[in-house]
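Here are my notes on the model you sent round. They begin at the ligand and then move to the sheet and the domains.

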Amino acid sequence: MPLSAAILETLYNIVGDIGFTTDQQAIAPYLVESRGRFHGYCDALIKPKSTQEVADVLALCNDENIPVVPQGGNTGHCGGAVPDGGVLINLSRLNQVRALDPLNATMTVEAGCILQNIQTAAQKHNYIFPLTLAAQGSCQIGGNIATNAGGVQVLKYGNMRDLVLGLEVVLADGRIWDGLRGLRKDNTGYDLPHLFIGSEGTLGIVTAAILKLFPQPKESITVFVGAQSPADLMDGFAHFRDDFADDLSAFEIMPRFALDLVLKHVWGNRDPLSRPYPWYGLIEIGTARTHTGLRESCEKLLELLLSREIFSDALIAESLIQVKNLWALRENISDAQKQEGGSIKHDVSVPVSKISAFLDETSHMITNIMPNARICAFGHAGDGNIHFNVSQPTGMEKEFFLTHWNELNEIVHEMAAKYEGSFSAEHGIGLLKTEEMELYRHGPELDMMRAIKKALDPNGIMNPGKIIKI
Ligand SMILES: Cc1cc2nc3c(=O)[nH]c(=O)nc-3n(C[C@H](O)[C@H](O)[C@H](O)COP(=O)(O)OP(=O)(O)OC[C@H]3O[C@@H](n4cnc5c(N)ncnc54)[C@H](O)[C@@H]3O)c2cc1C
């Protein structure tokens, strides 16, 4: 039911002119999911400027049973920030860095801060905030927390869950929970911040967070390697992890097909190695210590891996531009795949020890039913996260290819389950994977989730329809 004029007027009075619109033309860009799969509708777009304004809006919506969808940068891939009526609360105006405590190595930020701005602010104090992902120029820290975002450095620093010490959250009924404690030890009952991290806006609205900062790496080495198979790459990964332990910060893999797509579609990229190889690895090691001999150790290990034919070729980046160019090959894969036509995508994880078998068997299953399917399985292999994407066969109509969406999803998700993995590694559930939640998360697990949802949001106003069916 559309919101009444009286409710719209109260909302307007809470956030004022800049923070309120019902103009559907102005709202339209906020209603589409980043890949265009989901389109929504809302009566009003609200942009609060303070935690108190968020609280006042939620108190009203809770009293009036109005659905609320929180939104950050709207870069999520699962339709989580797409509303279906009610009020859309975009957090972009809540964007202040409240404090930076250098000795505690923490930073207190508001939910609407753009991830990249947080990284820059940390750098000014000789720290890094290590969450790194291709959408960092537009995603917000509140969205990163709500999706438990990962990225390319999870291997060393963990995902968002590992990077948050405290939270400020507005609960569904409008009460403000001030959990902004920058403590590394705090054993006081249930771990409430972790309830909200990864909850995709279904339990409350994150308005601020205390983030962990880390010393800036003083030395960093980026390596691009060619290999014959995922098994060889993962063998190389084990050697890198043994030799460099926590200094290993990224281990990405991609097949030749992914590289071919980037070279074909994204201007300015070139093949870093002189010959083509079936698989590639992009490896990063770094340390905040000085005089470590990191480069010498890396060269020595690469010599060993090349002599044992675990890697077929290897290149160490010699300049920052070369580092950037190598990372561009990895970061442009999704874009290049889009330009190549239809693709059916998956965001799964399996234990690192099972990546190679998972890739082999899943590829085999897919080509069994679609012999010319072009498999583009790449990703953060060091933490077991593979974007198992399939591009349309050459010559096949995109629309026809996409009719196989559910069939291919089922194969990939079944295989992930078979290899003790997850159907959603880093992008979350949103609207996209609620069916899979019912299929792969059973009995007590779903019951506990429903009980938590009911306890924190008894009227069911927070992001209805997302994550779990009630
Ligand atoms: C090019 C590209 C690359 C990407 N790479 C990665 C990657 O490597 N790793 C990764 O994890 N993700 C990746 N993503 C997905 C996306 O960037 C992340 O999920 C990101 O964390 C979403 O942040 P956002 O601010 O855009 O959130 P939104 O998309 O706006 O929202 C996502 C969810 O969080 C909820 N939400 C948003 N803000 C709040 C808040 N303040 N309080 C409560 N709930 C809130 C929304 O309701 C929604 O359910 C990528 C996306 C793109 C477009």
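1. How far is an oxygen atom of the ligand from an N or O atom in the side chain of Asn463? The separation is 3.2 Å. The model is predicted, and the distance is a computed value from that model.

2. Two other polar contacts of the ligand deserve a place in the list. Thr75 puts a polar side-chain atom 2.6 Å from a ligand oxygen atom. Gly201 takes part through its backbone instead: an N or O atom there is 3.4 Å from a nitrogen atom of the ligand. The ligand on its own exposes 970 Å², and 90% of that area is buried by the protein.

3. Which residues come nearest to the ligand? They are Pro70, Gly72, Gly73, Thr75 and Gly76, out of 34 residues around the ligand. Thr75 therefore appears twice in these notes, as one of the nearest residues and as a polar contact, counted as such because its N or O atom pair falls within 3.5 Å.

4. By class, the shell consists of 20 polar, 12 nonpolar and two charged residues. Glycine is counted as polar in this scheme, which matters for reading the polar figure, since Gly72, Gly73 and Gly76 are among the residues that come nearest.

5. As for secondary structure, at least two shell residues come from each of strand E3 (68-71), helix H5 (141-146) and strand E10 (204-212). H5 gives the largest share, with four residues. In terms of domains, domain 1 (5-90) and domain 2 (97-215) each contribute at least three residues to the shell.

6. E10 also belongs to an open sheet of five strands, ordered E5-E6-E10-E8-E9 and paired antiparallel. Strands E5 (97-101) and E9 (176-179) form the edges, each pairing on one side only. From one strand to the next, the twist averages 15°.

7. At one end of that order, strand E8 (residues 164-171) and E9 run antiparallel and are joined by four bridges. Val170 has Ile176, in E9, as its bridge partner.

8. The domain assignment gives four units: domain 1 (5-90), domain 2 (97-215), domain 3 (219-334) and domain 4 (341-418). How many Å separate the centres of domain 1 and domain 3? Taken over C-alpha atoms, the separation is 43 Å. Please keep the domain bounds beside the ligand contacts when you reply, as domain 1 and domain 2 both supply shell residues.

Key. Residues are numbered from 1 along each chain as its sequence is written. This is a predicted model: local features need pLDDT of at least 70, side-chain atom pairs count only at pLDDT 80 or more; totals for chains, interfaces and linings use all residues. Side-chain values use heavy atoms; hydrogens and water are left out. A residue is near a molecule or strand if one of its heavy atoms lies within 4 Å of it. A polar contact is a pair of N or O atoms within 3.5 Å; within protein, one must be able to donate a hydrogen and the other to accept it, and residues adjacent in sequence count only if both atoms are side-chain atoms. Accessible areas come from the Shrake-Rupley method with a 1.4 Å probe; for residues, only the protein chains shown count as cover. Domain bounds come from an automatic or database domain assignment. Two strands pair if DSSP finds at least two bridges between them. Axes are lines fitted to C-alpha atoms, for helices over the stretch in contact, and angles run from 0 to 180 degrees between N-to-C directions.
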